[in-house]
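Student: I should like to learn how the terms used for a protein structure are justified. May we work through some examples together?

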Amino acid sequence: MNPQYETALPETPDEAARIVKETSRLFPIGATTKWPEGTHPGDARPLSLARLDRILEYDPTEYTITAQAGCPLSSLNEALAGNGQHLPFDPPLVAHGATIGGTVAAGLSGPGCIRHGGIRDFILGIRMVDGRGRIVRGGGKVVKNAAGFDLPKLVVGSLGRLGVLTEITLKVFPHPPVTVTLSFECGGEDAAHQALLKLRRSAFVLDALEWDPPARLLVRLGGPADAMEARIARLRETVGHEPDGIFREADDADLWGELGAFGDLRNGDGDAADTLLVKVPLTPSKTLDFVRSITGKPARFRISAAGTTAWMAWHESPEELASCLQTGGHRAVAFHAPGGPRLVPEPDDNPFLERIRSAIDPDNRFPPFASHSRKDHAQPH
Amino acid sequence: MEPFLQKLAAVFPPDRLYTDDVRLAAYESDGLTAFRAKPRAVVVPVDEAEVIAAVRICREHNLPFVARGSGTSLSGGALPVEEGIVIALNRLNRILRVDPVDQIAVVEPAVINAHVSAAARAHGLYYAPDPSSQTVCTIGGNVAFNSGGAHCLKYGMTANHLLGARVLLPSGEIVELGGSSMQGIGPDLVGFFAGHEGLFGIGLEFTLRLMPLPETCQTILAAYDSLEAAGNAVSAVVSSGVLPAAMEIMDRLAIDAAEAAVDAGYPRDAAAVLIVEVDGEREAVDAEFAAIVEKLSETGAVETRIARDAADRMRIWRGRKSAFSAVGRLSPDFLVQDGVVPRGRLGEALEKIGRMSRRSGLRVANVFHAGDGNLHPLILFDGAEDGALERAEGLAEEILALCIEMEGSVTGEHGIGMEKRAFMARMFSADDLALFGEIRRSIDPGEIANRGKVLPAGEAPSLQQVGLHPLEKAGVIERE
């Protein structure tokens with residue numbers, strides 16, 4: 001193997017910066033939970049953040065935590081749980097070893113995001129290596145900050161193409177003292193959709209609302225123990241029929257752990273190497289049409305976050321996915337795809353994005369956003 | 001007539017193209033009344049096409065432009081650039097669509113903040129970001145500055161409720177950022193656009209997130225005999241594990257001002273009052289509020305009042321919301337600051353500010369969002385007194401330096417604007433600022449969009465006048 005393409009493994013941010021300066025084409029990776037093994041692009045050098053894995057600062061009374069980009073979510077969750085706190089955006093793939101850097105770069109929030117917001121609502125500050133090999137900072141370490149351009153938001157969903165994240169500061173919240181999940185079988189797609197819309201309009205402050213097609217809703221309540229039974233009773237009344245299951249404590253934790261690993265979408269013995277795991281942003285008014293358009297296709301999917309997202313395991317090609325999405329005007333990110341996370345279809349030209357990108361990375365060290373611009377990028381040497 | 005004026009006159013009729021001193025005067029300043037600058041012209045477009053035409057003319061002639069909503073910026077964000085023009089967006093004020101199923105509102109830039117919630121209310125929804133100037137300030141300005149409000153700890157800022165934007169770049173091109181979904185794909189460009197302070201162009205249309213109105217809200221006011229005790233009470237609330245919707249503190253001077261202005265009925269001998277609010281589902285709020293009340297009962301409050309109904313709640317908030325404009329009654333002039341310190345160091349920060357105040361001989365009234373460490377020290381002085389303005393500015397600088405030293409921020413929500421450019425170099429490294437500049441010039445090579453703001457360069461115009469914004473004097477708006 002050409003040693004230029006051996007994975008770089010910096011131990012410090014300064015070392016990462018030096019590697020960026022010395023490398024003409026590279027891409028950052030975390031724990032590659034979103035990257036099927038053996039599918040790295042052959043024309044660029046991987047830069048792994050695995051050794052930048054520590055929590056740097058955590059003060060529970062400040063509601064903030066700062067960690068290096070390679071820090072596993074499981075480490076963050078453990079530290080936070082010890083102080084009755086959690087990551088409110090409920091990131092997936094914790095058990096697989098996902099890192100906070102990879103989660104930010106992929107822009108993934110889980111079902112819990114409906115209560116307080118997604119990852120973009122909790123990222124306060126970053127340090128990253130830009131395309132010139134400079135370590136730069138955006139945002140800060142406090143929950144309120146209006147100084148400078150909002151680089152922390154920019155890098156959410158940036159797929160490693162706008163810099164190598166080295167450090168991330170997040171806002172965190174207290175986790176609910178008690179959570180209970182109710183499962184409702186609604187009788188059919190239409191009924192499930194109607195029940196979902198009704199719950200969205202209601203006074204309930206839900207911790208999760210998932211739709212497992214065709215007709216099963218999972219509704220999670222979180223809050224003080226004293227109020228839980230009264231809320232459950234009220235929920236049953238609102239939905240209009242009895243739940244077919246109630247999950248508490250360990251069962252509740254296991255259920256959401258399974259969903260966080262996309263266990264409901266993947267084959268138990270491992271997906272085929274070319275299975276795409278896909279996130280599709282939705283709006284609730286289009287959710288039912290989306291369900292109908294995917295039913296019968298070679299895919300397993302779930303409607304998540306109160307009808308604002310679909311998670312899919314897609315067993316055909318990206319081109320066929322793009323074609324299927326086109327009818328409803330949808331776009332997606334394949335966050336687990338051979339060759340790395342990618343947008344499906346590839347993004348249209350966007351002068352705002354291109355000007356930002358070229359300012360951050362004038363020598364095109366990081367991967368481009370669309371294949372048509374690859375030909376404009378310098379060849380590796 | 002100069003070429004650019006001829007071009008503008010071809011687009012804008014005389015009653016919407018101002019070049020005379022009389023009509024220009026209204027645009028010379030914004031909420032930071034210390035600065036004034038007269039532009040060469042003001043245009044008042046009635047639709048998107050005219051905004052685009054104006055920016056394209058500016059680009060062609062390398063003419064700086066400043067987009068303006070209601071001009072309530074507290075950092076000089078809407079301050080004109082003397083060699084350029086102002087694009088007054090007030091006629092683009094339509095709410096285009098409210099969708100109760102998707103829970104979004106699509107609005108033009110000059111829609112007034114409070115009007116969004118008013119339009120959404122019929123559907124049981126509201127727009128959460130609530131700066132205290134919300135009856136006057138516009139969404140476009142809110143987006144440009146990522147405006148906050150009293151509920152930021154729990155509900156976030158404007159950016160957290162902005163899903164999509166149709167943007168006119170300084171190049172004259174139009175881009176669509178984000179969309180209608182709470183989820184995004186690719187880099188969060190609409191999030192990056194929020195807080196750009198006008199440097200990335202003009203937002204022509206925004207898709208805003210609406211939320212169901214909370215079923216109920218419980219509010220408590222607790223009075224303390226020291227600011228330190230109030231600060232400790234905040235820590236107690238935080239330790240309860242409940243996430244309040246709002247936590248606000250006012251000190252004695254701010255209380256006195258509020259009493260004089262609106263007769264809020266706060267305990268007169270309190271050194272500080274703390275307001276805590278919890279909202280959500282009825283059963284959950286009852287349990288959470290009870291937990292907070294219990295925690296607060298152990299914090300040595302000299303008095304606590306629980307709002308019994310909506311009227312009580314309004315009364316508790318009225319004092320807090322009037323505090324800034326009320327301070328104008330205590331002093332002929334004042335400077336308002338907008339620093340952030342880590343919440344746990346609020347007590348320490350306030351104690352240091354108190355010492356700085358005594359050293360300078362100037363009184364400082366403190367009002368702040370205790371939940372997120374965002375301070376608003378109001379430095380009181382009399383401009384007629386020799387050297388008082390300089391001393392006030394010096395004290396302001398000391399306070400901001402303290403915020404930086406504590407690893408906070410020089411601005412929680414008002415933005416850098418014109419006022420705090422010099423502090424950017426203290427908060428950010430040379431490399432950080434270099435990248436900001438490179439991004440800015442990549443998007444706007446001619447630096448025509450809000451030239452001279454945010455990024456340090458050149459001399460700031462001298463302070464000329466300080467005090468209440470004319471709308472505050474008239475009691476129309478209250479600032480935070």
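**From values to terms**

Tutor: Let us begin with chain B of this predicted model. Strand β8 (residues 162-168) and strand β9 (residues 174-178) of chain B run antiparallel and are joined by five bridges.

Student: What makes β8(B) and β9(B) count as paired strands?

Tutor: Pairing requires at least two bridges between the strands. Five bridges join β8(B) to β9(B), so the requirement is met. Within this pair, B:Ala165 stands opposite B:Leu177. The two strands form a hairpin with five residues between them, and B:Gly172 in the turn has a positive phi of about 95°.

Student: To which other strand is β8(B) joined by six bridges?

Tutor: That strand is β10 (residues 202-209) of chain B, and it runs antiparallel to β8(B). Here B:Gly164 stands opposite B:Thr207.

Student: Why is β8(B) described as largely enclosed by the rest of the structure?

Tutor: The description is used because six of the seven residues of β8(B) are buried.

Student: Why is A:Thr179 called buried?

Tutor: A residue is buried if its relative accessible area is under 20%. The value for A:Thr179 is 19%, so the term applies. A:Thr179 is placed in strand β10 (residues 178-185) of chain A.

Student: How do you know that the side chains of A:Thr179 and A:Asp252 make a polar contact?

Tutor: The distance must be within 3.5 Å. The contact joining these side chains is 2.7 Å, so it satisfies that limit. A:Thr179 also touches further residues, including A:Arg220, A:Phe247 and A:Glu249.

Student: How many aromatic pairs does the structure hold?

Tutor: There are 16 aromatic pairs over all chains. One example is B:Tyr18 with B:Tyr27, whose ring centres are 6.1 Å apart.

Student: Why is the pair of B:Tyr18 and B:Tyr27 called tilted?

Tutor: Planes under 30 degrees apart count as stacked and those over 60 as edge-to-face, with the rest tilted. The planes of B:Tyr18 and B:Tyr27 are at 50°, so the pair is tilted. Both residues are buried, B:Tyr18 with a relative accessible area of 15% and B:Tyr27 with 14%.

Student: What makes the pair of B:Phe428 and B:Phe436 edge-to-face?

Tutor: The angle between their planes is 80°, which is over 60, so the pair is edge-to-face. Their centres are 5.1 Å apart, and both residues are buried. Ring pairs link them into a cluster whose members include A:Phe149, A:Phe352 and B:Phe192.

Notes:
Residues are numbered from 1 along each chain as its sequence is written. Chains are lettered from A and ligands numbered from 1 in the order in which they are written. This is a predicted model: local features need pLDDT of at least 70, side-chain atom pairs count only at pLDDT 80 or more; totals for chains, interfaces and linings use all residues. Side-chain values use heavy atoms; hydrogens and water are left out. Helices (H or I, at least four residues) and strands (E, at least two) are DSSP runs, numbered from the N terminus. Buried means under 20% relative accessible area, exposed over 50%, partly exposed in between (1.4 Å probe, protein chains only). A polar contact is a pair of N or O atoms within 3.5 Å; within protein, one must be able to donate a hydrogen and the other to accept it, and residues adjacent in sequence count only if both atoms are side-chain atoms. Contact means heavy atoms within 4.5 Å. Rings of Phe, Tyr and Trp (its six-membered ring) pair if their centres lie within 6.5 Å; planes under 30 degrees apart count as stacked, over 60 as edge-to-face and the rest as tilted. Lists of a residue's contacts leave out its neighbours within four places in sequence.
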